[in-house]
Amino acid sequence: MYTALLADGRLYQLLQRCDDDLAAECRAGGCPRCHGVLHSARYPRKPRGLRGPLSPEYGWRSSFCCARRDCRKRATPASFRFLGRKVYLGAVVVLI
């Protein structure tokens with residue numbers, strides 16, 4: 001049953017949409033230090049733990065950086081796909 005769930009691409013699309021919602025909330029909140037505007041500062045991840053193909057967009061982690069030159073504080077929202085700084089997919093680790 002779990003292998004079928006992990007092989008289903010709809011699960012990963014749902015997790016991607018949830019992460020996009022969290023990123024939108026984080027960006028709307030502004031900089032955590034100075035409340036300035038946040039610019040996109042996404043960075044690539046190499047998700048491990050899945051054999052099936054994922055869309056290229058799935059390997060990017062949402063992150064933001066303050067636009068003010070004297071601040072430049074980074075804001076990285078929580079993720080349903082990745083577990084903190086780990087590269088393994090969260091769904092895989094939780095189900096194991």
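Which side chain makes a polar contact with the side chain of Ser63?

**Figure 1. Close-up of Ser63 and its partner Thr76.**
The side chain of Thr76 is the partner, and the polar contact with the Ser63 side chain is 2.8 Å long. A polar contact is a pair of N or O atoms within 3.5 Å; within protein, one atom must be able to donate a hydrogen and the other to accept it, and residues adjacent in sequence count only if both atoms are side-chain atoms. The model is predicted, so local features need pLDDT of at least 70 and side-chain atom pairs count only at pLDDT 80 or more, while totals for chains, interfaces and linings use all residues. Residues are numbered from 1 along each chain as its sequence is written, and side-chain values use heavy atoms, with hydrogens and water left out. Ser63 sits in the loop that runs between β3 (60–61) and β4. Its relative accessible area is 0%, and Ser63 is therefore buried (buried is under 20%, exposed over 50%, partly exposed in between, with a 1.4 Å probe and protein chains only). Leaving out residues up to four places away in sequence, Ser63 touches His39, Ser40, Ala41, Arg42 and Tyr43, and also Arg74, Ala75, Thr76 and Pro77 (contact means heavy atoms within 4.5 Å).

**Figure 2. Overview of the fold.**
The protein has 3 helices and 5 strands, arranged along the sequence as α-α-β-β-β-β-β-α. Helices (H or I, at least four residues) and strands (E, at least two) are DSSP runs, numbered from the N terminus. Of the 96 residues, 33% count as buried. Among contacts with a separation of 6 or more, 56% are between residues 24 or more positions apart.

**Figure 3. Close-up of Ser79 and the residues it contacts.**
Ser79 lies in the loop between β5 (74–75) and α3 (90–95). Ser79 counts as buried because its relative accessible area is 18%. Its side chain joins that of Asp19 in a polar contact of 2.7 Å. A polar atom of the Ser79 side chain is also 3.0 Å from the backbone nitrogen of Arg81. When neighbours within four places in sequence are set aside, Ser79 is in contact with Asp19 and Arg61.

**Figure 4. Close-up of the largest cavity and its lining.**
Which residues line the largest cavity? They are Asp19, Arg61, Ser62, Pro77, Ala78, Ser79 and Arg81. By class, this lining has 2 nonpolar, 2 polar and 3 charged residues. Here Ala, Val, Leu, Ile, Met, Phe, Trp, Tyr, Cys and Pro are nonpolar, Asp, Glu, Lys and Arg charged, and the others, Gly among them, polar. The count is 1 cavity of 30 Å³ or more, and the largest cavity holds about 30 Å³ of space. A cavity is a set of points, on a 1 Å grid over the protein atoms alone, where a 1.4 Å probe fits but cannot get out, and lining residues have an atom within 4 Å of a point. Grid points are joined across faces, edges and corners, and the volume is the space filled by probe spheres set on the points.

**Figure 5. Close-up of the cysteines and Arg33.**
There are 0 disulfides in the structure, a disulfide being a pair of cysteine sulfur atoms within 2.5 Å. Cys71 is in no disulfide, and the nearest cysteine sulfur, that of Cys31, is 3.6 Å away. Cys71 is buried because its relative accessibility is 12%; Cys18, at 25%, counts as partly exposed. Arg33 lies in the loop between α2 and β1 and touches Cys71 and Lys73, not counting residues up to four places away in sequence. Arg33 is exposed, at 53% relative accessibility. The C-alpha atoms of Arg33 and Ala75 are 9.6 Å apart, with the two positions 42 residues apart along the chain as a separation.

**Figure 6. Close-up of His35 and Arg72, two residues with positive phi.**
His35 has phi near 65 degrees, a positive value in a residue other than glycine. His35 belongs to the loop between α2 and β1 (38–40) and is exposed at 63% relative accessibility. For Arg72, also not a glycine, phi is positive and near 55 degrees. Arg72 is in the loop between β4 (64–66) and β5; its relative accessible area of 45% makes it partly exposed.

**Figure 7. Close-up of Ala28 and Leu38.**
Ala28 is part of helix α2 (residues 9–29). Is Ala28 buried or exposed? Ala28 is exposed, because its relative accessibility is 69%. Ala28 and Leu38 are 10 residues apart along the chain, and their C-alpha atoms are separated by 8.2 Å.

Terms used:
1 Å grid on protein atoms, 1.4 Å probe; cavity = no way out; pocket = protein on both sides within 12 Å on 5 of 7 lines; lining within 4 Å.
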